[in-house]
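Got your viewer open and a selection box ready? Let's take a walk through this one, stop by stop.

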Amino acid sequence: MIKTIKASKSEKILFIFLIILTVSAFSSFFLLKNKCLFIDNNDLKKLNFKNPDNIAVMNLECGNVIIELYPDISPKAVERFKTLIEKKMYDGSAFYKVVENTLVQAGDIEFGNIDYLDYSKIGSGKSGLGSLKSELSDDFEFTEGSVGFARSREFDTEDSEFFMTLKEIPIYQGEYTPLGKVKYGLEILKKIKTGNKAIYVLRPDYINTFRMLETN
Amino acid sequence: MKIIILFILIFQFSQVNADEIYNLIKIPNLEIYKLKNENNIRYLNAKGDFKIGVDDNIACNKTNQENLNTKFPTIERNIKRYNSKFLKKINLKYVVFCEGLFISNINTGGIPDNKNRTLILDINFNEKYFERMIHHEIFHMIQNSYEEDFNDQKFSLFNNSDFEYAECSTCSNRLNLDLYENTNGFLTEYSKSIPSEDMAEIFSFLMVNKNLIEEKIKNDPILNKKVNFIKLNISKIDENIL
């Protein structure tokens with residue numbers, strides 16, 4: 001005859017504790033892996049804009065980043081930016097330069113795309129549309145969420161690369177051509193993969209799509 | 001081969017200084033000291049020692065905050081004399097403060113860098129010449145931006161035919177910065193080193209003690225020509241500087 005042994009009270013508590021521990025370990029593994037958790041993806045249907053013509057929507061892994069462009073400040077630069085967006089040239093563009101909690105940079109059309117990423121040349125690519133004259137503003141403050149055209153060390157070398165600031169960078173005022181400001185989705189930008197202590201990111205995050213609101 | 005290049009790049013990337021000030025002017029370990037100024041100049045401070053240039057030949061140490069706070073009003077007063085338009089023309093936007101500035105192991109008061117629109121100043125430079133040194137270094141930025149107007153050969157012709165400058169500013173022992181009693185074409189011993197230092201000395205004296213120089217040139221025809229040369233060419237850039 002097999003004698004059934006009843007579990008003691010403390011054994012039952014230990015058993016329940018182990019089950020809870022296993023469940024929480026599994027769930028936290030999957031939840032923590034999802035970097036986009038708890039991030040609002042900015043549903044365009046729920047948002048209204050005063051100047052829809054100047055609203056650009058950048059779709060990233062964690063959702064939409066909504067950018068208002070400022071043609072009044074930098075008309076030529078914004079015109080170029082819109083052209084590149086409308087030609088879908090930013091689609092698949094890598095955030096190859098990411099300084100943690102400071103800025104993210106993308107837009108190398110030639111050497112920084114998901115289909116062709118060349119680390120030996122990244123940052124030097126051209127759009128084929130030529131360089132632009134810098135449109136500097138001593139009044140535009142590079143606060144958190146500012147969007148600006150990147151350039152080489154010299155002025156008047158703006159082409160297609162752009163950056164977005166994740167904090168106020170006062171020293172950039174009057175140094176870079178302003179393009180606009182992030183209206184919604186700054187927290188999405190903060191989730192973009194960084195290169196830890198390195199300035200360039202290996203296996204970077206990409207722009208899924210980048211469209212003007214009216215064509216979205 | 002591509003894998004080797006990738007490894008080299010990864011290593012190099014990890015060495016890159018991601019600081020936003022470094023991104024602009026290629027000097028590490030700086031912080032903002034004073035950003036908003038009437039003439040749009042920006043003052044930066046070395047919060048740590050730095051080495052820059054070819055083979056790290058330029059080296060300077062971090063500042064003592066108290067020391068900088070004491071000397072800043074003097075620096076600001078002198079740099080305020082240049083308006084924003086003029087500073088833009090000579091490519092000067094950033095003034096970097098540090099202590100113990102050396103270039104190729106030679107102690108110097110300032111290093112102008114037109115390419116990065118930066119003037120590095122050693123705030124511990126000899127107090128006696130400190131204010132003049134600021135204008136002296138600014139002149140080098142002026143000359144770098146207007147090489148044709150401040151042509152060395154043209155300027156050298158003002159000297160007596162038997163006079164010869166040294167090969168370079170540091171390869172002679174003509175280093176004294178005190179004003180000569182009898183000028184005889186040169187304001188200081190350092191003026192005799194090379195033409196650009198001669199011009200910079202004249203400009204700096206004109207900025208800090210114009211009346212004295214006006215007196216000196218009355219009895220010194222060579223110096224008179226040199227001073228007029230500097231005045232004329234500076235006025236082409238901005239009539240209100242001198």
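The tour below goes from whole chains down to single side chains. Keep in mind throughout that this is a predicted model.

**Stop 1: chain A**

Select chain A and colour it by secondary structure. You should find 3 helices and 10 strands, and if you trace the sequence from the start, the order reads α-β-β-α-β-β-β-β-β-β-β-α-β. Now zoom out. The C-alpha atoms take up a box of roughly 95 × 40 × 30 Å along the principal axes. The radius of gyration of chain A is 23 Å, whereas a compact globule of 216 residues would come in near 17 Å.

Switch on a surface if you like: chain A exposes about 12000 Å², and 55% of that comes from carbon and sulfur atoms. Of its 216 residues, 49% count as buried. On a contact map, take the pairs at least 6 apart in sequence, and 68% of those contacts join residues at least 24 apart. For the charges, chain A carries 29 positive and 30 negative ones, and their mean positions sit 11 Å from each other.

**Stop 2: chain B**

Hide chain A for a moment and select chain B. Here there are 9 helices and 8 strands. With a radius of gyration of 20 Å, close to the 18 Å that the globule rule gives for 242 residues, chain B is as compact as a globular protein of that length. Its C-alpha box is roughly 70 × 40 × 30 Å along the principal axes.

The surface of chain B exposes about 12500 Å², with carbon and sulfur supplying 48%. Buried residues account for 49% of the 242. Of the contacts with a separation of 6 or more, 63% are between residues 24 or more positions apart. The mean positions of its 30 positive and 33 negative charges are 6 Å apart.

**Stop 3: across the chains**

Bring chain A back. The structure holds 17 salt bridges over all chains, and we'll visit a few.

Select Lys167(A) and Glu20(B): they form a salt bridge, with the closest N and O atoms 3.1 Å apart. This one crosses between chains, running from the loop between strands E8 (162–165) and E9 (177–184) of chain A to helix H2 (residues 20–25) of chain B. Which end is buried? Glu20(B) is, with a relative accessible area of 15%, while Lys167(A) is partly exposed at 31%.

Next, pick Glu175(A) and Arg117(B), another salt bridge, at 2.7 Å from N to O. Glu175(A) lies in the loop between E8 and E9 of chain A, and Arg117(B) in the loop between strands E7 (110–113) and E8 (118–122) of chain B, so this pair joins two chains. Glu175(A) is buried, at 0% relative accessibility. Arg117(B) is buried too, with a relative accessible area of 11%.

**Stop 4: a bridge inside chain B**

Select Arg77(B) and Glu131(B). Their salt bridge has its closest N and O atoms 3.2 Å apart. The two residues are 54 apart in the chain, linking helix H3 (residues 65–79) to helix H5 (residues 130–145). Arg77(B) is partly exposed at 47% relative accessible area, and so is Glu131(B) at 29%.

For a wider view, show Arg151(A), Glu175(A), Lys93(B) and Arg117(B) together: salt bridges with shared partners join these four into one network.

**Stop 5: a buried glutamate without a partner**

Stay on helix H5 of chain B and click Glu137(B). How far away is the nearest side chain of opposite charge? That is Arg132(B), at 9.7 Å; Glu137(B) is buried yet has no salt bridge. Leaving aside residues up to four places away in sequence, Glu137(B) touches Gly110(B), Ile111(B), Pro112(B) and Leu119(B).

**Stop 6: two backbone oddities**

Finish with a Ramachandran plot. Most residues other than glycine have a negative phi. Lys26(B), however, has a positive phi, near 60°. You'll find Lys26(B) in the loop between H2 and strand E1 (30–34) of chain B, partly exposed at 29% relative accessibility.

The second case is one you have already met: Arg117(B) has a positive phi of about 55° although it is not a glycine. Centre on Arg117(B) again in the loop between E7 and E8 of chain B, where it is buried, and the tour is done.

Notes: Residues are numbered from 1 along each chain as its sequence is written. Chains are lettered from A and ligands numbered from 1 in the order in which they are written. This is a predicted model: local features need pLDDT of at least 70, side-chain atom pairs count only at pLDDT 80 or more; totals for chains, interfaces and linings use all residues. Side-chain values use heavy atoms; hydrogens and water are left out. Helices (H or I, at least four residues) and strands (E, at least two) are DSSP runs, numbered from the N terminus. The radius of gyration is taken over C-alpha atoms; the globule rule is 2.2 Å times the number of residues to the power 0.38. Buried means under 20% relative accessible area, exposed over 50%, partly exposed in between (1.4 Å probe, protein chains only). Contact means heavy atoms within 4.5 Å. Accessible areas come from the Shrake-Rupley method with a 1.4 Å probe; for residues, only the protein chains shown count as cover. Lys and Arg count as positive and Asp and Glu as negative; His and the chain ends are not counted. The place of a charge is taken as NZ of Lys, CZ of Arg, CG of Asp or CD of Glu.
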